[in-house]
Each structure stands twice: as structure tokens, then as C-alpha cells.
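Here are some notes to read alongside the model. Take them one at a time, and find each place in the structure as you go.

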Amino acid sequence: MRFRWRSMLLLLLPTQMLLAAPRVQPGGAINLPYTTSDGKSPSWIIQNGGWLQQRRMNDDAIYAQAGMLMIDQNNPGQTNNQGRFDAKTGEIILDNFQPVDGVQVSRRIQVRRDDDLVRCIDVFKNVGAADASVAVQYTASLNRGVMAGQTIPDGKKAGADLAWVAQVVRGKTAVEIFAGRSAQTVGAVQWEQGSNVFQYNLQLDVPAGKSAAVMHLHAVAASPEKGGEMVNSLKLSKITGDLSSELRKSIVNFAVTRNFIGDREILRGNIFDVVELRSGDSLFGTLQEKSYKLATLFGPMEFPAGKIVGIINVGQFRPRQLLVSSEGEMIGGTLEKQTVDLQLGSGQVTQIPLAQISRVGYRKRSDEPDEWKFDKPMVLLQSGDRMNIKLPDQPIDVMTRFGQLKLAPSSISSIVLQGEDHGVHEIFLSNGSKFAGLVMADQLNLKLASTDTTVAAPISTIGRIQFSPDAAEVPDGAATLSLVSGDMFVGSISGELKLDTTFDTLKIPASQIRGLTKVKESNSDVQLTLWDQTKLSGQLEETSLTCDLGGGLSVHVPTALLDTYSQPSPMPSDQMMEKIKATVQQLNADDWKARDQAQADLVAMGATVVPVLKQLRDTQGPEAQQRIDTILKQFDKSPVPRAPQAAN
């Protein structure tokens with residue numbers, strides 16, 4: 001009887017007393033599972049393995065599981081069931097997961113009751129020696145079946161999903177947010193109507209020795225409409241405001257780095273302008289400056305305040321100022337005026353000495369874009385300056401091991417003048433070619449886009465020149481010549497090659513070569529593959545190969561530097577070309593059966609017909625051109641590489 005009364009007494013005790021959260025241990029350590037203890041319902045539980053669950057009380061919990069992580073279909077198990085508490089951010093940090101495929105993960109969990117969400121940030125660190133690309137999968141399951149659900153896509157990126165909103169009971173909607181608009185890395189949502197299980201999959205690239213972070217938010221809304229509003233109105237500055245600059249920069253699935261230029265974070269105000277002091281204090285108000293006069297390396301410059309979004313003070317004893325323009329430029333120098341005037345909310349105007357300022361940030365203006373595009377030609381200096389320039393109208397002379405080249409600026413993607421891996425300059429052409437060389441000038445005359453003034457920039461001060469906003473990539477299907485030095489040219493070799501074999505010396509038109517590879521066991525032997533897959537081995541008599549890059553530009557590459565040459569669309573032999581031409585003529589026949597047969601014959605010949613058909617297309621009639629286009633679509637789905645231009 002006494003036992004029964006004791007049992008009944010336990011049942012009558014408040015639920016919160018029975019489910020009290022474990023206390024944080026000395027040193028910030030916590031044991032898992034860990035239940036939040038803010039007194040609000042439902043409670044969030046951090047389970048062994050780092051996944052989340054809501055404690056079911058009064059049937060108000062909707063999450064059975066959330067944030068379950070798989071890497072390459074493997075569960076990164078924990079080495080122990082402990083985490084640690086970060087008193088500064090209020091996060092629970094779990095960093096005792098086992099590596100998966102050379103990737104070590106740590107999870108940071110923050111319960112944000114004021115926002116009705118839980119923020120999780122997974123930091124993936126590549127502890128291997130090679131770049132890694134891993135398949136990341138997140139899974140969540142709800143306590144009840146989904147009554148109504150919808151995927152919220154990224155309207156700016158086809159096939160990319162931002163979130164999943166699912167109503168389980170009236171007044172209870174789960175909101176799973178896994179990406180932001182215009183994010184660098186975005187995945188796809190998988191779910192089925194009536195199912196309570198959700199999955200989010202993305203492919204994550206992590207360079208060797210580097211880290212990439214994925215942030216995911218698990219929230220509760222009153223309705224699907226409110227859930228959609230939560231996704232679309234998410235304020236990243238509020239959600240990530242307590243994170244370190246280094247951690248924010250590593251997040252790849254939300255555009256949280258839009259206020260970063262390079263490694264520097266630009267201070268921006270929300271409602272007011274803001275001045276951040278070196279002491280850590282911040283003053284809010286309205287900046288009174290009309291313009292900024294700056295003494296730069298290239299002479300004095302003046303910038304209207306309306307074109308400046310921020311100022312960064314660089315250095316401790318004799319700081320220089322970096323002015324940040326609305327187009328993402330950073331121009332460094334010394335401001336003529338050594339104070340900044342700020343009108344406080346009280347109406348008082350105070351003058352703040354530059355020596356006491358760390359950063360200055362303007363509030364966002366209505367005509368500003370959401371993010372900097374960096375889509376203009378730009379020069380980046382060693383000092384950290386970044387200035388938009390106009391495309392030079394004079395050729396750039398580059399000395400290479402293949403001779404001196406005159407390159408039109410429009411044919412150049414970028415030039416790296418102060419790289420980490422080379423003592424010489426690295427040239428990247430717009431067609432994907434890359435090679436080492438030296439720019440033959442002591443300085444470059446560059447016209448600034450913002451002020452239309454010409455500055456003489458010494459080569460020794462330039463880190464990189466970027467003429468094209470897009471990174472140079474080799475188009476699929478393009479011919480490439482790779483060298484043992486690491487250089488690579490996108491173009492076809494030309495002329496006639498003489499190959500000494502064990503039985504004869506063969507004369508081979510370069511246009512008919514599909515592949516050419518140096519035999520690794522020999523310094524002089526090569527293996528050659530022809531258009532019809534014939535393979536031949538021997539030694540080339542030529543001491544150099546001519547590679548046509550297009551636009552009248554060619555380079556002469558020493559044969560000794562050859563590694564591999566690949567031409568996906570070689571020209572066939574003369575005999576085969578005549579056969580293709582004769583068949584093409586039948587595409588213009590009066591009899592439709594003959595036209596159909598000719599088209600079928602050309603398809604049966606295989607991809608060999610592609611380069612010939614491209615040559616003949618424009619000389620054919622309308623129907624023959626249409627049939628040729630149909631054939632080419634089956635064999636040639638690759639864009640044509642843009643040819644670089646030689647200087648006149």
C-alpha cells in the first residue's frame with residue numbers, strides 16, 4: 001500500500017520536475033541526451049548523435065526527429081556522448097564525431113525561442129590531403145502524417161530548393177529551412193504527400209585542409225502560410241549576427257557573405273548609419289560627410305559619399321583607410337579629414353577621430369543591389385585595394401617559354417601576378433587556356449571605372465587583374481594540349497606530323513589525330529590515336545607542335561614538354577570525307593526516301609561525321625541544314641569554345 005501511494009505521488013509531481021534538463025558540468029561539458037530548460041513547451045532534446053527531438057507533452061510536439069545527418073550514406077557516429085556549452089553564443093557544440101571519407105564534422109546547436117526555431121550549423125573539415133566532394137543528406141520525421149506540404153524553391157536558381165513547409169495538425173506547421181536564395185551551394189528536397197519523412201540532399205565540395213559549413217533551421221509556425229512567410233522574410237543578419245566572422249564566411253548554403261569583400265567584412269547599418277570604435281563600442285546615427293578626399297598611391301582622389309557604403313581602418317599605429325564603394329571596390333589611402341561627423345539620435349553632431357574608429361558603415365540604400373556581382377574588369381592590389389577598371393585598349397605583352405605573345409585584353413580572363421605557387425605570372429585565357437609567363441612591363445596604365453581617371457599601377461603592386469567576371473573553364477568537347485609543366489592550351493594542333501615507327505615513317509595530318517600521349521616509360525616515345533581509333537607508337541620527328549588557339553593566335557610548344565593532347569572531334573581521312581560529302585548531297589535529293597536514308601547513313605557513321613557536317617552545313621539547302629542539325633544534336637551537345645584574340 002505504501003508503495004502504491006509513493007507511485008501515485010510521483011505521478012502527481014509536475015512534469016517539469018520529472019524531465020528537468022541535465023545541468024551543465026564544470027568546464028561547460030554536458031551529457032547527452034540534453035533537454036533544454038527554458039520552461040517553454042515543447043522542449044527540444046539533443047540526442048546522442050546530435051539529432052533533435054521535441055519532448056511530447058500535451059501532444060504539442062511535432063518533431064520526432066530532425067537534423068539527422070548522413071555523409072556519403074554513412075552516419076558519422078560520436079566517440080562519446082558529450083558536448084560542450086558555449087556561454088557566449090548559448091550554443092551546444094558537438095565536435096566528437098568520427099571522420100567519414102576524410103571529412104570531420106562538428107555541430108553547433110542553438111535553440112532560439114524568440115524566433116521559434118533551432119539553428120544548427122555543421123562544419124565539415126577536410127582533414128585529407130586531396131579535395132573532397134561528399135554527398136550530404138539530412139532527414140527529419142514528424143510525429144504525425146502531413147496534412148498539407150509544399151517545397152519552397154529558389155526562384156533565382158532552377159532545380160534548387162530552399163525549404164519544406166508541412167502542416168501536421170491545425171495550428172502546427174513544421175518548417176525545414178536548408179538554403180537561402182542565391183546561395184553558393186543548394187540541394188534538393190525529397191518528400192511524398194501523406195508521408196511524415198523529409199530529406200534534403202546536397203553535394204558539398206570541401207578543399208583539402210579547408211572547412212565548409214552548412215546551416216539548417218528547424219522551426220514551428222502557426223500555418224503553412226506563416227511558414228512560407230518565415231522562409232521568405234528570413235533575416236540572415238539576425239540569425240547569424242552572433243557568429244564569428246570566420247564561421248560566417250564558411251557557410252556555403254546561405255548568402256551570409258554578401259558583406260564580405262575578400263577576407264574583409266564590411267560593416268552595414270540597418271536603420272541607422274553606424275560607427276564602430278576600436279574599443280568595441282558602436283555609435284548609431286546619420287553620417288554627415290558629403291564627400292571623402294583620399295590620398296592614394298596614385299594621387300589624390302575624391303569620392304561622393306553617396307557612392308561609399310563603408311570605411312575600414314587598417315593598421316594600428318599609422319592606419320590607412322579603405323573606402324568601400326557601392327560596387328564592391330576597396331580604395332586605400334589616407335583621408336584628408338581626420339574625423340568623421342555623425343549626427344546622433346538626439347540631434348547632436350559629434351566628431352569622431354579616425355584614430356579611434358575601427359569601421360564605418362552606411363545603412364543600406366534603396367537603390368543598392370542585394371549583393372555585389374563583381375562583374376566588371378577589376379584590379380586587385382597587394383595592399384588589399386580592389387578597383388573597377390575599364391578594359392584596356394592596348395595589347396598586353398607576355399613572355400613565355402613558347403615565345404613572346406601579344407594578347408588582346410578581351411581574350412584574357414585573368415592574370416595572377418603574385419601567386420602562391422609560382423614565381424612567375426599566371427595567365428588564364430577566356431577559352432580556358434592557362435600558362436605561366438611574365439608581363440613585359442614595369443607598370444600598367446589602367447583607367448578607373450569610377451572616376452574615369454588613368455592610373456599607372458606598378459607591376460610589383462598588383463596581385464591580380466580580372467578582365468572577365470567568370471572563371472575560365474574548358475568547354476566540353478574542346479581540344480586541349482596539356483604539358484608536363486602544368487600549362488594547358490585549348491586549341492587544335494595543326495600541320496603534318498612525321499611519326500617514326502618500327503616499320504616505317506608515317507606522315508599524319510594533325511587534324512586527323514584524336515589523341516597524343518607521351519609514353520611514361522620513355523622520354524621520346526609517344527602513342528598516337530587516329531580518328532578511327534587506330535593506335536600507333538613511335539617517335540615524332542618534329543621538335544615542336546603548333547597549337548592554334550583561335551582568333552589568329554598560335555603557340556609553338558616543344559615536343560619534349562608534351563603530356564597529352566586530346567581532340568574529341570578529329571577530321572576523318574580524305575577518303576572518308578569524300579564519302580560523307582557524297583552522303584550529304586543526298587540530303588538534298590528530290591525523293592524523301594533518299595533523304596531519310598542519307599540521314600540514317602550519316603548517323604550510322606558515328607561521331608566521325610561531326611566536324612565534316614559542321615563544315616558543310618552552311619552551304620546546304622534549308623531541309624538539309626535542318627537534318628544536319630538533328631544529326632549534330634545526337635553527337636555534339638558541347639558549346640563551342642570561345643577563341644582568344646591575338647592583338648593586332
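1. Start with a hairpin. It links β31 to β32, and two residues make the connection. Keep in mind throughout that this is a predicted model.

2. Now look at the two strands themselves. β31 covers residues 396–400 and β32 covers residues 403–407. They pair in the antiparallel sense, over five bridges. For a landmark, find Val398: Leu405 in β32 stands opposite.

3. Next, go to the open sheet of three strands. Its order is β41-β47-β48, and the pairing is antiparallel. Which strands stand at the edges? They are β41 (492–494) and β48 (553–558). Each has a single partner strand, so one side of each has no neighbour in the sheet. From one strand to the next, the twist averages 40°.

4. Stay with β41 for a moment. Its antiparallel pairing with β47 (residues 544–550) runs over three bridges. Here the landmark is Ser494, with Thr546 of β47 standing opposite.

5. Turn to Glu289. It sits in a loop, with β20 (282–287) on one side in sequence and β21 (291–296) on the other. Is Glu289 buried or exposed? Its relative accessible area is 12%. Buried means under 20%, so Glu289 counts as buried.

6. What does the side chain of Glu289 contact? One polar contact goes to the side chain of Lys337, at 3.2 Å. In addition, a polar atom of the Glu289 side chain lies 2.6 Å from the backbone nitrogen of Asp341. Leaving aside residues up to four places away in sequence, Glu289 touches Ala305, Lys337, Thr339, Val340, Asp341 and Tyr362.

7. Finish with a pair of helices. Helix α7 spans residues 592–604, and helix α9 spans residues 622–635. Their axes come within 10 Å and cross at roughly 25°. Why is α7 called roughly parallel to α9? Angles under 35 degrees count as roughly parallel, so this crossing qualifies. The crossing is right-handed.

8. Last, check who makes the contact between these helices. From α7 come Arg595, Asp596, Gln599, Leu602 and Val603. From α9 come Glu623, Arg627, Thr630, Ile631, Gln634 and Phe635.

Key:
Residues are numbered from 1 along each chain as its sequence is written. This is a predicted model: local features need pLDDT of at least 70, side-chain atom pairs count only at pLDDT 80 or more; totals for chains, interfaces and linings use all residues. Side-chain values use heavy atoms; hydrogens and water are left out. Helices (H or I, at least four residues) and strands (E, at least two) are DSSP runs, numbered from the N terminus. Buried means under 20% relative accessible area, exposed over 50%, partly exposed in between (1.4 Å probe, protein chains only). A polar contact is a pair of N or O atoms within 3.5 Å; within protein, one must be able to donate a hydrogen and the other to accept it, and residues adjacent in sequence count only if both atoms are side-chain atoms. Contact means heavy atoms within 4.5 Å. Two strands pair if DSSP finds at least two bridges between them. Axes are lines fitted to C-alpha atoms, for helices over the stretch in contact, and angles run from 0 to 180 degrees between N-to-C directions. Angles under 35 degrees count as roughly parallel, over 145 as roughly antiparallel, 65 to 115 as roughly perpendicular and the rest as oblique. A crossing is left-handed if the near helix is turned anticlockwise from the far one by less than a right angle, and right-handed if clockwise.
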